[in-house]
Amino acid sequence: MEQIISLTEESNYNEILQQAVAVIETARGKAARAIVSTSNEMHWRIGQLLYERKLDSSHGDSIVKRLSFDLKSSYPKMGMSVRNLFNMKRFYARFHDASPKVQQAVALLPWGHISYLMSKFDNNDEAIEYYASKYQEKGWSRDLLINAVKLEMHKRQPEVNA
């Protein structure tokens, strides 16, 4: 009889453990998505600021260099290099007039994924949407994304008739 109680208790414990792990993983996923969303909003708004001020590598380079220096002084771990600031501008310029579907797909990607996809698929919304959906579906790391792009997986999909 003692062993039956022990097995029952073990079974109850395992069920509680599994449920607790599920709660924790759900919370971690929500936190990660909130961080990505907030980070992307920051990149978007800084990019918008640079875009609207018409700062580029020929006309506003000294301003962006100074901005980078000052931001890196205040926020040393936030990736405020000159290159990254220009990527933020490019992000805004590339997607501010894009369809809402593309904007939503990109908004869910980590910044490194966005930067990489912009460098590979400047005006190819279909490819960007494809890789964004695969990231959402499979949680691809940047290395997996890079490999998928190298394999041109977006070209291997069967055409869908609307």
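# A tour of the core, the rings and a pocket

Select Tyr131 and show its neighbours: leaving aside residues up to four places away in sequence, Tyr131 touches Leu117, Phe121, Trp140, Leu145, Ala148, Val149, Glu152, Met153 and His154. Contact here means heavy atoms within 4.5 Å. The model is predicted, so local features need pLDDT of at least 70 and side-chain atom pairs count only at pLDDT 80 or more, while totals for chains, interfaces and linings use all residues. Residues are numbered from 1 along each chain as its sequence is written, and side-chain values use heavy atoms, with hydrogens and water left out.

Tyr131 is buried, with a relative accessible area of 0%. The classes are buried under 20% relative accessible area, exposed over 50% and partly exposed in between, with a 1.4 Å probe and protein chains only.

**The core.** Widen the selection to the largest nonpolar core, which has 31 residues; Phe95, Leu117 and Tyr131 have the most contacts inside it. Two or more of its residues come from each of helix H1 (2-52), helix H3 (82-95), helix H4 (100-107), helix H5 (111-120), helix H6 (125-138) and helix H7 (142-150). H6 supplies the largest share of this core, 6 residues. A nonpolar core is a set of buried Ala, Val, Leu, Ile, Met, Phe, Trp, Tyr and Cys residues joined through side-chain atoms within 4.5 Å. Helices (H or I, at least four residues) and strands (E, at least two) are DSSP runs, numbered from the N terminus.

**The rings.** Next, colour the aromatic side chains. Rings of Phe, Tyr and Trp (its six-membered ring) pair if their centres lie within 6.5 Å; planes under 30 degrees apart count as stacked, over 60 as edge-to-face and the rest as tilted. By this rule there are 8 aromatic pairs. Phe91 and Phe95 have ring centres 5.9 Å apart and planes at 65 degrees, so the pair is edge-to-face. Both sit in helix H3, 4 residues apart, which separates them by about one helical turn. Phe91 is buried at a relative accessible area of 3%, and Phe95 is buried at 2%. Go back to Tyr131 and add Trp140: the ring centres are 6.4 Å apart and the planes are at 45 degrees, so this pair is tilted. Trp140 is buried, with a relative accessible area of 10%. For a wider group, select Trp44, Tyr51, Phe91, Tyr92, Phe95 and Trp111, which form one aromatic cluster.

**The pocket.** Keep Trp44, Phe91 and Phe95 on screen, since they are among the residues that line the second largest pocket. The rest of the lining is Ser37, Asn40, Glu41, Gln103, Val106 and Ala107. The volume of this pocket is about 160 Å³. H1, H3 and H4 each give two or more residues to the lining, and H1 gives the most, with 4 residues.

**Lys134 and Gln157.** Lys134 lies in helix H6 and counts as buried at 15% relative accessibility. Leaving aside residues up to four places away in sequence, Lys134 touches Gly139 and Trp140. Last, select Gln157, in the segment after H7. Gln157 counts as partly exposed at 36% relative accessibility. Gln157 and Tyr130 are 27 residues apart in sequence and 9.3 Å apart in space, C-alpha to C-alpha.

Definitions and conventions
On a 1 Å grid over the protein atoms alone, a cavity is a set of points where a 1.4 Å probe fits but cannot get out, and a pocket is an open set with protein on both sides within 12 Å along at least five of seven lines; lining residues have an atom within 4 Å of a point. Grid points are joined across faces, edges and corners, and a volume is the space filled by probe spheres set on the points.
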